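Me: I have a model open and would like to check some of the labels attached to it. Could you take me through the reasoning, value by value?

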Amino acid sequence: MKYHLALATLALIFTMTHSAHGKDCKVNDPDISNYYKGGCKNGLAHGEGVAKGRDEYKGSFFKGELHGYGEYSWGDGTEWDSESYKGWHYKGPRSGYGEVSV
């Protein structure tokens, strides 16, 4: 019984510190900061997650910034007349290899 209680407590703590909805966890890009679900650390998006606003991003975050591999989709298709970018980001901006689709 103690084992199950300890396991349940650890699961609850992990969920509270590593998952966020809405405004519990900040995404620094204002174009995708209306909604967030995913990993969270110290109140910032961290790890894998999905962020939505005017645009949408699915991928890796680090300290609230897009960081690592992900897919960014523009809601209005204005970025180079494209609809999405799949590739790498470094502390926010696109960096390294990636593909833009129209």
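**Checking the labels**

Reply: Happy to. Let's begin with Asp29, which lies in the loop between strand S1 (20–21) and strand S2 (35–41). Keep in mind that this is a predicted model.

Me: What makes Asp29 a residue with no salt bridge?

Reply: A salt bridge needs a side-chain nitrogen of Lys or Arg within 4 Å of a carboxyl oxygen of Asp or Glu. For buried Asp29, the nearest side chain of opposite charge is Arg54, 6.9 Å away, so the pair does not meet the 4 Å rule.

Me: Which backbone atom lies 2.9 Å from a polar atom of the Asp29 side chain?

Reply: That is the backbone nitrogen of Asp31. Leaving aside neighbours within four places in sequence, Asp29 is also in contact with Leu66 and Tyr72.

Me: Why is the pair of Asp31 and Arg54 called a salt bridge?

Reply: Their closest N and O atoms are 3.2 Å apart, and the cut-off is 4 Å, so the name applies. Asp31 lies in the loop between S1 and S2 and Arg54 in the loop between strand S3 (44–52) and S4, so the pair ties together parts that are 23 residues apart in sequence.

Me: How do you know that Arg54 is partly exposed?

Reply: Arg54 has 48% relative accessibility; exposed would need over 50% and buried under 20%, so the label in between is the one that fits. Asp31, with a relative accessible area of 27%, is partly exposed as well.

Me: What makes Asp55 buried?

Reply: The relative accessible area of Asp55 is 2%, and buried means under 20%, so the label holds. Asp55 also forms a salt bridge with Arg54, with the closest N and O atoms 3.3 Å apart.

Me: How many salt bridges does the rule give, and which other side chains meet in one?

Reply: The count comes to three. Glu56 and Lys58 meet in a salt bridge at 3.6 Å, N to O. Both are partly exposed: Glu56 at 24% relative accessibility and Lys58 at 47%. Asp31, Arg54 and Asp55 are joined into one network by salt bridges that share partners.

Me: Why are strand S4 and strand S5 said to pair?

Reply: Pairing requires at least two bridges, and S4 (residues 56–62) and S5 (residues 65–73) have six, so they qualify, in the antiparallel sense. Here Glu56 stands opposite Ser73 in S5. S5 is also joined by six bridges to strand S6 (residues 84–89), again antiparallel, with Tyr72 opposite Tyr85 in S6.

Definitions and conventions: Residues numbered from 1 in each chain as written. Predicted model: local features only at pLDDT ≥ 70, side-chain atom pairs only at ≥ 80, totals over all residues. Heavy atoms only, no water. Helix = DSSP H or I, 4+ residues; strand = E, 2+ residues; numbered from the N terminus. Buried < 20%, exposed > 50% of the residue type's maximum accessible area, 1.4 Å probe, protein only. Lys, Arg positive; Asp, Glu negative; His and termini not counted. Polar contact = N/O pair within 3.5 Å; in protein donor to acceptor, adjacent residues only side chain to side chain. Contact = heavy atoms within 4.5 Å.
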